[in-house]
Amino acid sequence: MPDTSTGQDMRDAESRDRVPDIVIITGMSGSGRTQALHCFEDMGYFCIDNLPPRLVPQLAELVGINSGVGRHLAVTCDLRSQGLFDELTDTIRQLGEHALSCKLLFLDDEILMRRYNENRRRHPLAVPGESVEHAIKRERRQLKDARAMADLVIDTSHMRTSALRARLSAAFSELTEQQLLDVNVFSFGFKHGMPSEADLMIDVRFLSNPFYDPEMRYLTGNDEKVARFVMDNKITRDFMDAWLRLLDVAMPGYVAEGKARLSIAVGCTGGQHRSVAIANATAAHLKAQGYRVNLFHRDLPEAVAAAAHDAATGER
């Protein structure tokens, strides 16, 4: 079997070179700085909005950037920070002196005039009596030098948020777009209430219930005997084939739309046997597909406690 460690080491090195410790986001007002900051937040960056550039080095030290915790920082800066270009230049130089890598992201938009007309909003930097058109032209002149020094310029004129997210993740994330989707898979019991946070929910109460077997009544779907009972059933096999094929179709669509979080709920009567086994199998399948999956069993502690009480008292 060929040794792939060297290739992986090279990819890891490329990722470290590509992903900076700090990203400073600036650009035209209305070009999507806030949406960009949300994208960085979803990528795991520590994010601060509208921070004067001169405070970036102190903030980096405060939150432990480049201290071995693997954390990155993203901040937005705009012309409300007077002397923006000079501050940016000094800040990037200071960060370099402290061995902190920094990249400047500039967001532009060529149809800002139309956007302000459609939204009927005043330009945030306009002085009293100044037209939106004049404020836009003035801001563009003042940002000319900052734009020229940017490591990456993105024109958001006709860009959807999902496309902006994809562009930013490709440039500034160690994770793939698929890994950026935070997937929560959990089991639950209908008798304990419907989950309000589920994006996808599947009811597996049609499957044979291990509860009616005295040897499995007080076990859970995490126990091998129960898992085999649930998963080796022909109906379950047919269901899982259809269920996983559905997920294989739907999941790439959620990724393409730039969805940040997805909750998948699997329910049975008590949340102890069938839903636990099916949730485990679902999570394992998605992990094998390269998704970042969090697995938990919402009602299992309560179900186990109830089962222990019933076993002790001889109820049921």
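Analyst: Before we look at any residue, one convention is needed: helices, of at least four residues, and strands, of at least two, are DSSP runs, and they are numbered from the N terminus. The model above is a predicted one. With that naming in hand, alanine 99 can be placed in the loop between α4 (84–97) and β4.

User: How should I read the backbone angle of alanine 99, and what is its phi?

Analyst: As a general idea, most residues other than glycine have a negative phi. In this structure, alanine 99 has a phi near 60 degrees, which is a positive value in a residue other than glycine. Alanine 99 counts as exposed, because its relative accessibility is 59% and the cut-off for that word is over 50%.

User: Where does asparagine 50 lie, and is it buried, exposed or partly exposed?

Analyst: Asparagine 50 is found in the loop between β2 (46–48) and α3 (56–63), and its phi, near 55 degrees, is again a positive value in a residue other than glycine. The relative accessible area of asparagine 50 is 31%, so this residue is described as partly exposed.

User: I would like to follow one residue inside a strand. Where is aspartate 108, and what does its side chain make a polar contact with?

Analyst: In a regular strand, the general idea is that side chains alternate between the two faces of the sheet. Aspartate 108 belongs to strand β4, which covers residues 102–108, and it is buried, since its relative accessible area is 1%, while the word applies under 20%. The side chain of aspartate 108 makes a polar contact, at 3.1 Å, with the side chain of arginine 147. Leaving out residues up to four places away in sequence, aspartate 108 touches several others, among them Met28, Ser31, Arg140 and Asp155.

User: Which element holds arginine 140, and how far is it from serine 29 in space?

Analyst: Arginine 140 sits in helix α6, residues 132–142, and it counts as partly exposed because its relative accessibility is 29%. Arginine 140 and serine 29 are 111 residues apart in sequence, and in space their C-alpha atoms are 9.5 Å apart. Beyond residues up to four places away in sequence, arginine 140 touches Met28, Asp108, Asp109, Glu110 and Leu112.

User: Which strands pair with β8, and is β8 largely enclosed or not?

Analyst: Strand β6 (residues 182–189) pairs with β8 in the parallel sense over 8 bridges, and one example is glycine 189, whose bridge partner in β8 is cysteine 268. Strand β7 (residues 200–203) also runs parallel to β8, to which it is joined by 4 bridges, with leucine 200 standing opposite isoleucine 264 in β8. Of the 8 residues of β8 (residues 261–268), 7 are buried, so the strand is largely enclosed by the rest of the structure.

User: What surrounds histidine 273, and where is its place?

Analyst: Histidine 273 has its place in the loop between β8 and α12 (274–288), and it counts as buried because its relative accessibility is 4%. A polar atom of the histidine 273 side chain lies 3.3 Å from the backbone oxygen of arginine 217, and the same side chain makes a polar contact, at 3.5 Å, with the side chain of glutamine 272. Leaving aside neighbours within four places in sequence, the contacts of histidine 273 include Asn209, Phe211, Leu219 and Cys268.

User: What is the volume of the largest pocket, and which residues are closest to its centre?

Analyst: The volume of the largest pocket is about 570 Å³. Its lining consists of 27 residues, and those closest to the centre are Gly30, Ser31, Gly32, Arg33 and Gln35. Two or more lining residues come from each of α2 (33–42), α5 (112–119) and α8 (161–172), and α5 supplies the largest share, 4 residues. By type, this lining divides into 8 nonpolar, 11 polar and 8 charged residues.

User: How many cavities of 30 Å³ or more does a search find, and what lines the largest cavity?

Analyst: A search of the whole structure finds 1 cavity of 30 Å³ or more, and the volume of the largest cavity is about 50 Å³. Its lining includes Arg165, Ala166, Ser169, Glu177 and Lys259. Both α8 and α9 (177–180) give two or more residues to this lining, and the largest share, 3 residues, comes from α8. The lining divides into 4 nonpolar, 2 polar and 3 charged residues.

Definitions and conventions:
Residues are numbered from 1 along each chain as its sequence is written. This is a predicted model: local features need pLDDT of at least 70, side-chain atom pairs count only at pLDDT 80 or more; totals for chains, interfaces and linings use all residues. Side-chain values use heavy atoms; hydrogens and water are left out. Buried means under 20% relative accessible area, exposed over 50%, partly exposed in between (1.4 Å probe, protein chains only). A polar contact is a pair of N or O atoms within 3.5 Å; within protein, one must be able to donate a hydrogen and the other to accept it, and residues adjacent in sequence count only if both atoms are side-chain atoms. Contact means heavy atoms within 4.5 Å. On a 1 Å grid over the protein atoms alone, a cavity is a set of points where a 1.4 Å probe fits but cannot get out, and a pocket is an open set with protein on both sides within 12 Å along at least five of seven lines; lining residues have an atom within 4 Å of a point. Grid points are joined across faces, edges and corners, and a volume is the space filled by probe spheres set on the points. Ala, Val, Leu, Ile, Met, Phe, Trp, Tyr, Cys and Pro count as nonpolar, Asp, Glu, Lys and Arg as charged, and the others, Gly among them, as polar. Two strands pair if DSSP finds at least two bridges between them.
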